[in-house]
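Okay, thanks for making time, everyone. I'll put the structure up and talk you through it.

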Amino acid sequence: MVKPSSALDRVLVLEMVRVTEAAAIAASRLTGRGDEKAADAAAVEAMREAFNELEFDGTVVIGEGERDEAPMLFIGEKVGRGTGPRIDIALDPLEGTTITAKSGPNALAVLAIAEEGGLLNAPDVYMDKLAVGPGYAEDIVSLDRTPTENVTALAKAKGVRPDEIIVCVLDRPRHDRLIAELRGVGCGIALIPDGDVAGVIAVTDPDTTIDMYMGSGGAPEGVLAAAALTCVGGQFQGRLLFRNDDEKARARKWGVTDLDRIYRLKDLVKGDAIFAATGVTDGSLLAGVKRRAGGLMTTESVVMRASSGTVRWVKGEHRKGG
């Protein structure tokens, strides 16, 4: 059991939902408009404004990029009113910019917070990821094993045949060999176009029927997904992937010295944490923003806390600003 953090007051649980709601509503105005940058910018601005209404001293440790790459919510940016507890923040104001631009499924506004020093400051590189839901022995799967070995081990632990396992994979050309191997085992593959935070979280929800997540995606998104798994259970392993020397240098800049290290949940998220997400478009995890007659908008969010293991599903009605 994770020890409760006095810095993460219960009030912050619902405040984090208000922040993701603001970002989701702002991004939803650009759904299906074909403009990824505009949708992302709207979410970023709304999230920043919502943060700056809160009584805390927040630092973005995973954000939109470094200062010279992002005008706001960049890594190292200070948010909040500068009073109260010191909080580290990992965020993705719009996880699924392409999804939103094309009005596809599973776009989210996502964030995680922890006490100062509680979140890995992950460099903006790729990460090889492996996740399963709760209820299995520690290290039932491992990045040091082949996909076939992992599927076989999980199937044995679950008491089913390997062809009854379903694996979620991001639909990218770089995963062609992985997909071919998994199909050789005979298991089902749930291919997703974007949104690997939602893909990882799906392993914790039996209704999704997804047993395991495999494949590479952004390292910052790995920390966000790990925060959710820390709250609700499950296992996660990540290993940073580097395409060139510049990316290795970027990792060293953020304090990464062992470039081949396998990160587990406790390495990515230390101690208590809060995870919050609001749907922008409809998906397997959350419904998207809906606009009704008379300016009414509805949202669906989830917020989790590690120390209590509590998961709250929040449906909101918003009558302003549509």
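I'll go through a sheet, a helix, a loop residue, some salt bridges and then the cysteines.

One thing before we start: this is a predicted model, so keep that in mind throughout.

Let's begin with the sheet. Six strands make up an open sheet, and if you walk across it the order is E7-E6-E8-E5-E9-E10, with mixed pairing. At the edges you've got E7, residues 188-192, and E10, residues 262-264, and each of those pairs on one side only. Neighbouring strands in this sheet are turned by 20° against each other on average, ignoring direction. As a quick reminder, strands of a sheet pair through backbone hydrogen bonds, either parallel or antiparallel.

Now zoom in on two of those strands. E5 covers residues 126-132 and E8 covers 212-218; they run antiparallel and are joined by 7 bridges. If you want one pair to click on, take Lys-129, whose bridge partner in E8 is Gly-215. Lying across E5, E8 and E9 is helix H7, residues 219-232, which runs at about 20° to E5.

Next, helix H1, residues 10-28. Does its length add up or not? At 1.5 Å a residue, its 19 residues should span 27 Å, and the end C-alpha atoms sit 28 Å apart, so that agrees. H1 is also mostly covered, with 14 of the 19 residues buried.

Okay, on to a loop. Asn-106 sits between helix H3 (97-102) and strand E4 (108-115). Is Asn-106 buried or exposed? Buried: its relative accessible area is 14%, and the cut-off for buried is under 20%. What does Asn-106 touch, leaving out residues up to four places away in sequence? Its contacts include Glu-95, Ile-99 and Ala-198, and also the run Thr-281, Asp-282, Gly-283, Ser-284 and Leu-285.

Hang on to Asp-282, because that residue takes us to the salt bridges: its side chain meets Lys-290 at 2.5 Å, N to O. Asp-282 is partly exposed at 42% relative accessibility, and Lys-290 is partly exposed too, at 25%.

How many salt bridges does the structure hold? The count is 17. Another one pairs Asp-267 with Arg-261, where the closest N and O atoms are 3.0 Å apart. Here Asp-267 is buried, at 15%, while Arg-261 is partly exposed, at 36%. Then there's Arg-319 with Glu-317, at 2.9 Å, N to O. In that pair Arg-319 counts as exposed at 60%, and Glu-317 counts as exposed at 52%. There's a small network as well, linking Arg-161, Asp-163 and Glu-164 through salt bridges.

Last stop, the cysteines. How many disulfides are there? The answer is 0. Why is Cys-168 not bonded to another cysteine? The closest cysteine sulfur is in Cys-187, and that's 12 Å away, too far for a bond when the cut-off is 2.5 Å. Cys-231 isn't in a disulfide either; its nearest cysteine sulfur belongs to Cys-168, 20 Å away. For anyone thinking about these cysteines at the bench, Cys-168 counts as buried at 0% relative accessibility, and Cys-231 is buried at 5%.

That's my tour, thanks.

Technical notes:
Residues numbered from 1 in each chain as written. Predicted model: local features only at pLDDT ≥ 70, side-chain atom pairs only at ≥ 80, totals over all residues. Heavy atoms only, no water. Pairing = 2+ DSSP bridges. Helix = DSSP H or I, 4+ residues; strand = E, 2+ residues; numbered from the N terminus. Axes fitted to C-alpha atoms, helices over the stretch in contact; angles between N-to-C directions. Contact = heavy atoms within 4.5 Å. Buried < 20%, exposed > 50% of the residue type's maximum accessible area, 1.4 Å probe, protein only. Expected span 1.5 Å × (residues − 1). Salt bridge = Lys/Arg side-chain N within 4 Å of Asp/Glu carboxyl O.
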